[in-house]
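Let's take a walk through this structure together, one stop at a time. Keep the 3D view open and turn it as you read.

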Amino acid sequence: MQRNFVAKDTTGWEGVEREGYNPGEPSRVVRHTLIGGRKTASGDPGPEIEVRYFEVPPGAVTRLEKHEHEHFVIVGEGIGHAIVGESVREIRKHDVVYVGPLVPHQFVNRGAETFGFFCIVNALRDFSQSLNASELERLAATPAGAFVDPEGSPPPRARI
């Protein structure tokens, strides 16, 4: 069922399931699919875009990844770091980030409060890819290397 309005409530959004970063996989990062959903073919019904909201708890990160599609991120709450390619930048509420095709990226919560962001992508898109060893080595040698976490979101005690 496609929604035209999605109301925020105390635990997320009315009628929107809380999922892991990837559906069906356990994760400290919580995903809310607000509008649309992933399509497998261009003729599939529904919006051509998907709007999601990710909640990244203190000390957690999103997966370090790249993909062929571009996407946009708009910060909704908290303070985080955006790693986009070889750059890293602190981002705050209402900041906007563009991630181009095949650009490695990761979002890091280095604050004491939840870091949340809206992510806008095409509904028909490829799946995320991990970085290979040479890409990880090259990234580690850049300013972003001090912030990147190739392993993803570790348990809370691992980052203390």
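Start in the loop between β8 (87-92) and β9 (96-99), where you'll find His94. Bear in mind that what you're looking at is a predicted model. His94 isn't a glycine, yet its phi is positive, at about 80°. Is this residue buried or exposed? With a relative accessible area of 60%, His94 counts as exposed, because the cut-off for that label is over 50%.

Move along to the loop between β9 and β10, and you'll meet Leu102. Here too phi is positive in a residue other than glycine, this time near 60°. Leu102 has 45% relative accessibility, so it counts as partly exposed.

Leu102 also leads us to the next stop, since it's one of the residues in contact with His67. His67 sits in the loop between β5 and β6. At just 2% relative accessibility, it's a buried residue, because anything under 20% gets that label. So what does His67 touch, once its neighbours within four places in sequence are left aside? The contacts are Pro101, Leu102, His105, Asp126, Phe127, Ser128 and Gln129. With one of these, His105, there's a polar contact of 3.3 Å between the two side chains. The side chain of His67 also reaches the backbone oxygen of His69, at 2.9 Å.

Now for the empty space. Rolling a probe the size of a water molecule over the atoms shows where such space is left. In this model, the largest pocket has a volume of about 360 Å³. It's lined by 23 residues, and the closest to its centre are Asn22, Arg38, Arg52, Arg63 and Ser128. You've already met Ser128 as one of the contacts of His67. Which elements give two or more residues to the lining? They are β5 (49-56), β6 (71-77), β10 (105-108) and β11 (115-122). Sorted by class, the lining holds 9 nonpolar residues, along with 7 polar and 7 charged ones.

Last, let's look at the rings. A pair of aromatic rings is described by the distance of the centres and the angle of the planes. How many such pairs turn up in a search of the whole structure? The search finds 8 aromatic pairs. Take Trp13 and Phe118: their ring centres are 6.4 Å apart and their planes meet at 70°, so this pair is edge-to-face. Trp13 belongs to strand β2 (residues 12-13) and Phe118 to strand β11, so the pair ties together parts that are 105 residues apart in sequence. The two partners carry their own labels: Trp13 is buried, with a relative accessible area of 8%, whereas Phe118 is partly exposed, with 27%.

Another pair to find is Tyr21 with Phe54, which is tilted, with 5.3 Å from centre to centre and 45° between the planes. This pair also links distant parts of the chain: Tyr21 is in the loop between β3 (18-20) and β4 (30-35), while Phe54 is in strand β5, 33 residues apart. Both Tyr21 and Phe54 are buried. And these two rings have company, as ring pairs link Tyr21, Phe54, Phe107, Phe115 and Phe117 into a cluster.

Technical notes: Residues are numbered from 1 along each chain as its sequence is written. Side-chain values use heavy atoms; hydrogens and water are left out. On a 1 Å grid over the protein atoms alone, a cavity is a set of points where a 1.4 Å probe fits but cannot get out, and a pocket is an open set with protein on both sides within 12 Å along at least five of seven lines; lining residues have an atom within 4 Å of a point. Grid points are joined across faces, edges and corners, and a volume is the space filled by probe spheres set on the points. Helices (H or I, at least four residues) and strands (E, at least two) are DSSP runs, numbered from the N terminus. Ala, Val, Leu, Ile, Met, Phe, Trp, Tyr, Cys and Pro count as nonpolar, Asp, Glu, Lys and Arg as charged, and the others, Gly among them, as polar. Buried means under 20% relative accessible area, exposed over 50%, partly exposed in between (1.4 Å probe, protein chains only). A polar contact is a pair of N or O atoms within 3.5 Å; within protein, one must be able to donate a hydrogen and the other to accept it, and residues adjacent in sequence count only if both atoms are side-chain atoms. Contact means heavy atoms within 4.5 Å. Rings of Phe, Tyr and Trp (its six-membered ring) pair if their centres lie within 6.5 Å; planes under 30 degrees apart count as stacked, over 60 as edge-to-face and the rest as tilted.
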